[in-house]
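Colleague: I'm new to this one, so could you take me through it slowly? Please show me the structure before we start.

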Amino acid sequence: MKLFFKIFLFLIFCHPLSALELSYDYTVKTKGLKIGTLFWDLVIADKAYKTSISLKSRGWISAIYKFEGKYSSNGNYINGFLNTIKYDQYWNTNKKQRNVSLVFVDKKVFKLRLSPKEKESPRINYSELKNYNDPITSFINILLTGKPAKTIDGRRTYTLHPTKNADHTKIIIKEYINIWADHKRNNLEYLEFFIDADNFLPRKINIKFKGSVFSLTKN
């Protein structure tokens, strides 16, 4: 039995995740009121991964402020770590629509497309950044490794720094740079996620944005 236990620990902690397929749906609330739903799909298999998130307004808020977001990423899964190849982001509200597309080659940004196009010139040479990933991939890498994750979302670069607490992990945004504007205003203050022992993706995520806390709770 002791030998079996040692072998079990070796397999769990020394070998990276080989296959995973998950589909979660979350209710989004703020100040106790339901404002939307979020669906998250994740597949990791055969040294590759793909993930997608769709977000849509629900409840009373839809009558005055509709929003819809779609985010997708795919890439390589090597030695227990994800590396982005392609990332797409779509965000639509009553007042604006934005699209972001990122293509990575050799762990660097090869192509960045924004719609509408930015009128300003970039403040940094983002194509020279090494070992950066999109926001979803960075978050999953934190779930896999517990280590900080360098991130680019097409408009900003930053590092997600996780801190493990008793019942949750808190992520603080550091090294924040706005690629297209000459300021360092960051509306995203922190993220918190709570995980059950038998699940990989969080059962609950708290996001503090512009002073308000948005809670995503798994249904």
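Modeller: What follows covers the salt bridges, a hairpin and a surface patch.

Modeller: This is a predicted model, where local features need pLDDT of at least 70 and side-chain atom pairs count only at pLDDT 80 or more, while totals for chains, interfaces and linings use all residues. Residues are numbered from 1 along each chain as its sequence is written, and side-chain values use heavy atoms, with hydrogens and water left out.

Colleague: Okay, how many salt bridges does the count come to?

Modeller: The count comes to eight salt bridges, where a salt bridge is a side-chain nitrogen of Lys or Arg within 4 Å of a carboxyl oxygen of Asp or Glu.

Colleague: Which side chain does lysine 208 meet in a salt bridge?

Modeller: Lysine 208 meets the side chain of glutamate 189, at 3.7 Å from N to O. Lysine 208 lies in strand β12 (residues 204–209) and glutamate 189 in strand β11 (residues 188–194), so this pair ties together parts that are 19 residues apart in sequence. Strands (E, at least two residues) and helices (H or I, at least four) are DSSP runs, numbered from the N terminus.

Colleague: And is lysine 208 buried or exposed?

Modeller: Lysine 208 is partly exposed, with a relative accessible area of 22%, and glutamate 189 also counts as partly exposed, at 37%. Buried means under 20% relative accessible area, exposed means over 50%, and partly exposed is in between, with a 1.4 Å probe and protein chains only.

Colleague: What about glutamate 128, which partner does its side chain meet?

Modeller: Glutamate 128 forms a salt bridge with lysine 108, at 3.7 Å from N to O. This pair links distant parts of the chain, since glutamate 128 is in the loop between β7 (108–115) and α2 (135–145) and lysine 108 is in strand β7, 20 residues apart.

Colleague: Changing topic, how do β8 and β9 run?

Modeller: Strands β8 (residues 149–152) and β9 (residues 156–164) run antiparallel and are joined by four bridges; two strands pair if DSSP finds at least two bridges between them. They form a hairpin with three residues between them, and glycine 154 in the turn has a positive phi of about 100°. Lysine 150 stands opposite threonine 159 in β9.

Colleague: Last one, where does tryptophan 60 lie?

Modeller: Tryptophan 60 lies in the loop between β3 (48–57) and β4 (67–78), and at 46% relative accessibility this residue counts as partly exposed.
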